[in-house]
Amino acid sequence: PMTVIEFSLPKESRATIRIFDARGFLVDTPFNGVAHEGMNTLTWNARDRASGVYFYQLTAGGIVETRKMMLLK
């Protein structure tokens, strides 16, 4: 029950990744720190989460991007 989230940044900046369930409730903040320029990789351990639809939101350098993911156990 782990998934890899990859994201790319044009320059090093402070970044936060938040995970929300399908109802919009925040369930985890697996990253809150400085992310490097270029490709970054984060492994999210969803062992304690139920199968279903989740959304991850990346906030970095004035950009907010949200993507959908499906967790199947």
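From the N terminus on, the elements of the protein chain run β-β-β-β-β-β. The model is predicted. Six strands and zero helices make up the secondary structure of the protein chain. The radius of gyration is 12 Å, close to the 11 Å that the globule rule gives for 73 residues, so the protein chain is as compact as a globular protein of that length. Along its principal axes, the C-alpha trace spans about 35 × 20 × 15 Å. Of the 73 residues, 33% count as buried. Contacts across the sequence were also examined. Among contacts with a separation of 6 or more, 55% come from residues 24 or more positions apart.

The interior was considered next. The largest nonpolar core has 17 residues. Those with the most contacts inside this core are I5, I17, I19, W44, Y54, L58 and M69. Six elements are listed as giving two or more residues to the core: β1 (2-9), β2 (13-21), β3 (26-35), β4 (38-45), β5 (52-60) and β6 (63-71). Strand β5 gives the most, with four residues.

W44 belongs to this core. At 3% relative accessibility, W44 counts as buried, because the cut-off for burial is under 20%. Beyond its neighbours within four places in sequence, W44 is in contact with P1, M2, T3, I5, I19, D28, P30, R49, Y54 and M69. Several of these partners, namely I5, I19, Y54 and M69, also appear among the core residues with the most contacts.

The structure holds one aromatic pair. W44 and Y54 form this pair, and the geometry is edge-to-face. The ring centres lie 5.7 Å apart, with 65° between the planes. W44 lies in strand β4 and Y54 in strand β5, so the pair ties together parts that are 10 residues apart in sequence. Y54 is buried, with a relative accessible area of 7%. W44, the partner of Y54, is likewise buried, at 3%.

A polar residue is also found in the interior. N40 lies in strand β4. The relative accessible area of N40 is 10%, so this residue counts as buried. The side chain of N40 reaches two backbone oxygens. That of H36 is at 2.8 Å. That of G38 is at 3.0 Å. Not counting residues up to four places away in sequence, N40 touches I5, E6, F7, L9 and A35.

A35, one of the residues touched by N40, has its place in strand β3. At 1% relative accessibility, A35 counts as buried. With residues up to four places away in sequence set aside, A35 touches F7, L9, E12, S13, A15 and N40. F7 and L9 are thus in contact with A35 and with N40. A35 and F7 are 28 residues apart along the chain, and their C-alpha atoms are separated by 9.6 Å.

Charged side chains were then examined. Side chains of opposite charge can pair when their charged atoms come close. The structure holds two salt bridges. In one of them, the side chains of D21 and R23 meet at 3.0 Å, N to O. The two partners differ in exposure. D21 counts as buried, at 11% relative accessibility, whereas R23 is exposed, with a relative accessible area of 66%. In the other salt bridge, the side chains of E65 and R67 meet at 2.7 Å, N to O. E65 counts as partly exposed, at 34% relative accessibility. R67 is also partly exposed, with a relative accessible area of 42%.

M70 gives a contrasting view of the final strand. M70 lies in strand β6. At 54% relative accessibility, M70 counts as exposed, because the cut-off for exposure is over 50%. Leaving out residues up to four places away in sequence, M70 touches G52 and V53. M70 and W44 are 26 residues apart in sequence and 13 Å apart in space, C-alpha to C-alpha. The sequence neighbour M69, by contrast, is listed among the core residues with the most contacts and is in contact with W44.

Conventions: Residues numbered from 1 in each chain as written. Predicted model: local features only at pLDDT ≥ 70, side-chain atom pairs only at ≥ 80, totals over all residues. Heavy atoms only, no water. Salt bridge = Lys/Arg side-chain N within 4 Å of Asp/Glu carboxyl O. Buried < 20%, exposed > 50% of the residue type's maximum accessible area, 1.4 Å probe, protein only. Core = buried A, V, L, I, M, F, W, Y, C linked by side-chain atoms within 4.5 Å. Contact = heavy atoms within 4.5 Å. Phe/Tyr/Trp six-rings, centres within 6.5 Å; stacked < 30°, edge-to-face > 60°. Polar contact = N/O pair within 3.5 Å; in protein donor to acceptor, adjacent residues only side chain to side chain. Rg over C-alpha atoms; globule rule 2.2 N^0.38 Å.
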